[in-house]
Structure formats: C-alpha cells, structure tokens
Amino acid sequence: MLLQGRELQSVRGERVLFSNINLDVASGQLWQIEGPNGAGKSSLLRILAGLLPAQQGDVLFQGEEIQQCRERYYHDLLFIGHKSGIKPELTAIENLEFYAAVEGHEFSTPPYELLAQVGLVGLEDIPAQRLSAGQQRRIALARLWFSQTRLWILDEPFTALDVDGIAMLHDRFQVHLAQGGAIILTSHQDLQSMSYPVNRLQLRYQH
Amino acid sequence: MSKPTPNTRKPVASGQIFRQIIRRDLRVAMRQRSDLLNPLIFLLIVITLFPLGVGPGPDILGRIAAGVIWVSALLSAMLGLERIFRDDFRDGALEQLMLLPVAVEFSVLAKIIVHWLLTAVPVLVITPLLALLLNLPIQAWGVLWLTLLIGTPILSAAGAIGVALTVSLNKGGALLSLLLLPLLVPLLIFATAAVEATLAGVSPAGPLALIGAFSVLSVTLAPFAVKAGLRVSVN
C-alpha cells in the first residue's frame, strides 16, 4: 500500500469539513476525490501531502507516518496545488530546470522536446507571467513528464486546460498508472469513460 | 518511456537542492531589479536629506553619522523585507519549498542567504559613499563597515521570521515593522556604540563581539522559527 489515510478529520474554524475518512491508495490506482465546493477536497489533499495537519487521524506512506519519514515521502511525492509553484518571472525552461534539478535530474540540453509534448512550442523564452492561465498550467503539469515520483497529488489538474490539454493529461496518467504509479486528484470532470479504472471518494458538504 | 523503480532512486543531495534554490532566487531577483534598487535609493535619499535637515556643520554630522546610517539601513531593510516569502507564497513556490525532500530549515537558510546577498551586499558597497556624505571621520569607516557586515545577517534572519509569520496576512507590512524593529534595537545600540568607541579612541571589540554573537545565534536558530511560522502560514 503506497499511501493510507486513517480516520482523517479536518476542522476549519467551527465547521467539521469531513471526518472518519479512510483511504488506501495502492500503486496503479487513480483516486478521484469528489464533492461540492467547500466540502474539503483541497484540504484533504493538503493533509495527504502533509501541508496541513489533520485534526484527527494519520497519513501513512508505505506503512509509516509521513512526518516520521518526511524526506523519503517527499522523494516520492509530486504535489501540484491550486497555486502552481511556477515563478512568473522565469521562463518555462528555467522553471522546469529547477524542479528537475531538485529531483536530481539535470537536463543536458534544454528540454524542448518536453515542452513540445505539453504544447508549449515557441514559448520557451517568454517569462511565464506573459503566458495565459492555461499555458502556465501546462508548465506546471510538464513536471509530470519527467518526474520519477510514484505518487502524484493533483488539485484540479484540468482547470484552465483546453480539450487537447486534457486528453494529453489523460494519456500521461495512463502511462504513469501502467508503470505502477498512483494518482490522487480532485476534479469535477467525469473520469468514468477513461481507459483506466477510477476509484472515487465522495465528500459531502457538512453543515 | 522507461524509468527506474522509484524506490531505488538515489536521494538527492541536500547541497544540490540548496544550490538550486539560491540559483533560482537570484535569477528571479535579476528579473525584478527595480525591487532591489528601491530600498537602496531610499537609503541614499534619506542620507542626503540629513545634512539639509540638521545643517551641514561637519562636527554634528560626523557625530551622528553612524546612527543615521544604521537607522536608515534598518528602515530601508523593512521596505523590501516581505520579498523573502511574499511572492513565493502567492505563486505556490512556498508550498513546493515545504515539499522538497530536505529539511525545511535547510531551504529556509538558502532563502535567508539569498536575501542577504541581494539586500545587504549593495548596502555594504555604498557604505563608503554614505560615510563620506555624512562626514564620518575616516578612522571609523572600517568599524562602521564591519558592524554592517556582521549585523545585516541579523536583519535577514530576524526578518525571515517576521515575514514567515505575517506572509498570509493581506496587510502584513506595517505589522512586520512593528514586530521587528523593537527586536533590532540592541543591534542598533551596539553598532553605534562600536563606532563611537572608535571615534573616542577606545577599542570597539566589545560591541563588535556582541553583534557577532547575535549574528551567529540568529542565523543558526532563525530557520527553526521560520519553519514553524511557515507551517502556520501555508495552512
């Protein structure tokens, strides 16, 4: 079991977002967290990524508490949240070079091929802030193409992407799952028609 | 695409990540040079206003020069301080920083070093000019420069703590100065004491050693406090 959530509870202010959430993510699985706005989908992802402490419950990576094996866990985790982590002053290539290098992966030549794969041809030398929201999203998601982490946690990865972008992402997911990776994501998209099995976790809005 | 089983992937050396953070942040800073220049220009303007305000009598200026330079340096440091984490907080790079497979303290130390390089080094470069403008007797220039050299890391380290605590607030700026300036009063006192000692012909070693001790203490301990502050802020 790659990642486990045990009886997770999150409280924001006075309101219980969710409680008693159990989640077992094995390699090769894709989990879709569903629920209305404000149900705590992002909070759940941030708890699983260790960015937010859970009020109750534990998150286990390969059977070990994530705070205990922090470096091993983050060595194997790629998290892309609402905010993409792309520096707007830097170009796509400079941004990706940083994220590749901190994973121990140096590009010997500028990764033009990678940018072509995610549909950013000709935009290599433009600072990210001058690109559209969808294009910036594509830069952040391009990390998925070279990342060697097994677990991906993606908060609304399809946001701002066009039809081609969404299809491209589905293809990438399929390859990752076939290689034994695991994905946890939130999305309002219907993923049931995809060629890979989708596990769903439903969060309800609690008053 | 083939890839090795991630389990057997070698962990990335902390030093490598440290270097990459410094490299990226310097690059980002070079793209927003005006942000770097503003505090420096502010400092220069304040210093040139003083002779106009208190009169150009060389003895008065010389006596207050060290204090004026240090107070102005403190205030100008407050101007650009938020930059340490504000932009990273907004674009999500801060979250990613917390998710790197190294201790957060380590990444934070890299941020503090970059901030020092970008804000303190330019001040150190123009210090002789500031000393000249305020007619500081030349035998005290070296000591003034030394106080700035060993005192400015305290600004970056303590500043990082303050920014880590206030970065998620919308109007953190004023709160930040309120939080930090009282903490920096000892630094100001010892720095000007060192220069005054030199001018009086006494050894400045005592105050300098104290500033050095503060400096070592704040740079080594600040990353732990910053980590705790950021934990709260990224929530």
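In chain B, the axes of helix α3 (residues 58-80) and α7(B) come within 11 Å of each other and cross at roughly 25 degrees. That angle falls under the 35 degrees used as the limit, and α3(B) and α7(B) are therefore roughly parallel to each other. Their crossing is right-handed. On the α3(B) side the contact draws on B:Ala66, B:Ile69, B:Ala73 and B:Ala77, which meet B:Leu144, B:Leu148, B:Leu155 and B:Gly159 in α7(B). Sorted by class, this contact of α3(B) with α7(B) comes to seven nonpolar residues, one polar and no charged. These values, like the others here, come from a predicted model.

Helix α7(B), residues 141-166, also packs against helix α8(B), residues 172-199; here the axes come within 10 Å and cross at roughly 165 degrees. With angles over 145 degrees counting as roughly antiparallel, α7(B) and α8(B) are therefore roughly antiparallel to each other. Once again the handedness can be read off: α7(B) passes α8(B) in a right-handed crossing. The contact takes in a long list of residues, including B:Val143, B:Leu144, B:Thr147, B:Gly151 and B:Ile154 of α7(B), along with B:Gly172, B:Leu175, B:Leu176, B:Leu179 and B:Leu180 of α8(B). Taken by class, the residues of this contact of α7(B) with α8(B) split into 16 nonpolar, seven polar and no charged. B:Leu144 is among the α7(B) residues that meet α3(B), and B:Leu144 is also among those that touch α8(B). B:Leu155 and B:Gly159 likewise appear in the contact with α3(B) and in the contact with α8(B).

As for the rest of chain B, its secondary structure amounts to nine helices and zero strands. From the N terminus on, its elements simply read α-α-α-α-α-α-α-α-α. Along its principal axes, the C-alpha trace of chain B spans about 75 × 35 × 30 Å.

Chain A mixes its elements, with six helices and nine strands. Its radius of gyration is 17 Å, close to the 17 Å that the globule rule gives for 207 residues, so chain A is as compact as a globular protein of that length. The box filled by its C-alpha atoms, taken along the principal axes, is roughly 50 × 35 × 30 Å.

One of the sheets in chain A is open and has five strands in the order β6-β7-β8-β3-β9, with parallel pairing. At its edges stand β6(A), residues 77-80, and β9(A), residues 198-202; each has a single partner strand, so one side of each is left without a neighbour in the sheet. From one strand to the next, the twist averages 15 degrees. Strand β7(A), residues 151-155, pairs with β6(A) in the parallel sense over four bridges, and A:Phe79 stands opposite A:Ile153 in β7(A). Helix α1(A), residues 41-48, lies across β3(A) (30-34), β7(A) and β8(A) (182-186), and runs at about 150 degrees to β8(A).

Another open sheet in chain A has four strands in the order β2-β1-β4-β5, and this time the pairing is antiparallel. The edge strands are β2(A), residues 15-25, and β5(A), residues 64-65, each pairing on one side only. Helix α1(A) packs on this sheet too, touching β1(A) (3-12), β2(A) and β4(A), and its direction makes about 130 degrees with that of β1(A).

Going strand by strand through the antiparallel sheet, β1(A) and β2(A) are joined by seven bridges, with A:Gln4 opposite A:Asp24 in β2(A). The hairpin of these strands has two residues between them, and A:Gly13 takes a positive phi near 65 degrees there. Five bridges pair β1(A) with β4(A) in the antiparallel sense, and the bridge partner of A:Gln9 in β4(A) is A:Gln56. Strand β4(A), residues 56-61, is joined in turn to β5(A) by two bridges, again antiparallel; A:Leu60 has A:Glu65 as its bridge partner in β5(A).

Finally, the two chains meet: 30 residues of chain A are in contact with 27 residues of chain B. On the chain A side, α2(A) (70-75), β6(A) and α3(A) (92-101) each supply at least two residues. By class, that side of chain A has 14 nonpolar, eight polar and eight charged residues. Strand β6(A) thus features in the side of chain A that touches chain B and stands at an edge of the parallel sheet.

Technical notes. Residues numbered from 1 in each chain as written. Chains lettered and ligands numbered in written order. Predicted model: local features only at pLDDT ≥ 70, side-chain atom pairs only at ≥ 80, totals over all residues. Pairing = 2+ DSSP bridges. Axes fitted to C-alpha atoms, helices over the stretch in contact; angles between N-to-C directions. Contact = placed C-beta atoms within 7 Å. Nonpolar A, V, L, I, M, F, W, Y, C, P; charged D, E, K, R; others polar. Parallel < 35°, antiparallel > 145°, perpendicular 65-115°, else oblique. Left-handed = near helix turned anticlockwise from the far one by under 90°. Rg over C-alpha atoms; globule rule 2.2 N^0.38 Å.
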